[in-house]
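Trainee: I would like to learn how to read a fold feature by feature. Can we go through one together?

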Amino acid sequence: MSNTPHRAGTLAVIGRPNVGKSTLVNALVGAHVAIVSPKAQTTRHRMLGIATFPEGQLVLVDTPGLHRGLGSASATAMHRMMNRAARGALEGVDAALLVVRAGQWDEADGFAFDALRDAGVPVLLVVNQVDRIKDKGTLLPYLAKVGEGREFAAIHPVSALKRQGLDALVRSALAHVPEQDALHGEDEITDKSQRFLAGELVREQLMRQLGEELPYATTVEIERFEVDGSMLRIGAVIWVERDGQKAIVIGKGGARLREIGTKARLRMERLFDAKVHLETWVRVRAGWSDDEAALRAFGYGE
């Protein structure tokens with residue numbers, strides 16, 4: 001029997017867009033609960049990833065990327081909601097993980113740090129993607145420069161994708177949360193429903209398979225989610241803003257839509273541990289991303 005006290009608490013996972021926050025959450029949880037793509041602003045919702053270890057439990061609040069532009073008057077309603085979700089993640093947390101990309105630190109990283117400093121929580125700096133640094137001799141001077149004039153509770157170089165440095169990060173994070181029983185059941189990995197996760201897995205494929213701009217004009221609504229014995233029957237609507245976008249998502253002879261559906265279905269089957277029958281449709285709703293009523297109908301801001 002271990003004499004080490006059990007610890008549990010909540011940590012916000014904050015950083016500018018596209019530094020690997022969701023990849024880190026998935027690696028710590030041990031499941032694909034947060035969608036990932038190479039494009040910035042893939043994450044649109046605040047969600048919890050629940051990582052349970054023998055020594056304790058970390059409840060990780062995965063958020064949209066936080067940066068100055070998302071809160072401006074010229075930003076769309078969706079961008080403003082995303083920024084509110086990122087800032088709202090700081091409420092009631094025990095500590096925060098500030099995720100940055102190894103070798104980089106710019107104004108956007110500083111903006112994220114300032115938001116955490118103002119929130120008054122301990123900040124653990126997670127320097128992600130260290131596996132991409134070819135000259136490891138540059139890492140120490142970089143860490144010294146980033147730490148100059150900034151107070152971090154700890155600094156952890158990691159590769160979330162290759163699961164390097166995560167054990168030390170977990171030990172450090174647990175040291176910054178209270179001694180208490182687990183906040184969630186041992187088998188829980190997120191606060192989101194399977195229905196929500198199904199929609200996100202379809203949207204992940206849109207982010208991965210479409211061009212640079214089009215994914216940001218799409219969202220996914222799950223119209224049907226039924227349990228049929230050992231099978232899940234799911235109907236997903238992909239919403240776009242213009243007819244031309246609809247044609248691109250469908251592709252020639254429906255080829256792209258079939259590929260999106262196939263890859264999303266395989267992801268669902270792995271995550272849900274069940275056979276999935278997935279149907280997809282593409283529909284047009286002009287200006288949905290700047291329409292707060294539409295955003296609420298699609299589950300944003302929840």
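Mentor: Start with a term: contact means heavy atoms within 4.5 Å. Keep in mind that this is a predicted model.

Trainee: Which residues does L58 touch, not counting residues up to four places away in sequence?

Mentor: L58 touches G9, L11, G49, I50, A51 and F53. L58 also touches V170, A173, L174 and V177.

Trainee: Which residues of the largest nonpolar core touch the most other members?

Mentor: That core has 57 residues. L58, L60, I234, V249 and M268 touch the most other members. Helix α6, residues 194–209, supplies the largest share of this core, six residues. Another core lies apart from it, with 26 residues. Among them are V93, L98, I133 and F152.

Trainee: Now helix packing. How should I describe a pair?

Mentor: Two packed helices are described by the angle between their axes and the distance between the axes. Take α1 (residues 21–29) and α5 (residues 166–174): the angle is about 85 degrees, and the axes are 11 Å apart. That makes α1 roughly perpendicular to α5, because angles of 65 to 115 degrees count as such.

Trainee: Which residues in α1 and α5 meet?

Mentor: From α1 come L24, A27 and L28; from α5 come L166, L169 and V170. By class, this contact has six nonpolar, no polar and no charged residues.

Trainee: Is T23 buried or exposed?

Mentor: T23 lies in helix α1. Its relative accessibility is 18%, so T23 counts as buried; the cut-off is under 20%. Beyond its neighbours within four places in sequence, T23 is in contact with V36, A160 and L161.

Trainee: On to strands. What is the order of the six strands in the open sheet?

Mentor: Read across, the order is β2-β3-β1-β4-β5-β6, and the pairing is mixed. β2 (47–53) and β6 (154–157) are the edge strands, each pairing on one side only. On average, neighbouring strands are turned by 25 degrees against each other, direction ignored.

Trainee: How many bridges join β1 to β4?

Mentor: Four bridges join β1 (residues 7–14) to β4 (residues 95–101), and the two strands run parallel. A12 has A96 in β4 as its bridge partner.

Trainee: In what sense do β7 and β8 pair?

Mentor: Antiparallel, over nine bridges: β7 covers residues 219–228 and β8 covers residues 231–240. F225 stands opposite I234 in β8. I234 also appeared among the core residues that touch the most other members. β7 and β8 form a hairpin with two residues between them. In the turn, G229 has a positive phi of about 65 degrees.

Notes. Residues are numbered from 1 along each chain as its sequence is written. This is a predicted model: local features need pLDDT of at least 70, side-chain atom pairs count only at pLDDT 80 or more; totals for chains, interfaces and linings use all residues. Side-chain values use heavy atoms; hydrogens and water are left out. Axes are lines fitted to C-alpha atoms, for helices over the stretch in contact, and angles run from 0 to 180 degrees between N-to-C directions. Angles under 35 degrees count as roughly parallel, over 145 as roughly antiparallel, 65 to 115 as roughly perpendicular and the rest as oblique. Ala, Val, Leu, Ile, Met, Phe, Trp, Tyr, Cys and Pro count as nonpolar, Asp, Glu, Lys and Arg as charged, and the others, Gly among them, as polar. Two strands pair if DSSP finds at least two bridges between them. Buried means under 20% relative accessible area, exposed over 50%, partly exposed in between (1.4 Å probe, protein chains only). A nonpolar core is a set of buried Ala, Val, Leu, Ile, Met, Phe, Trp, Tyr and Cys residues joined through side-chain atoms within 4.5 Å.
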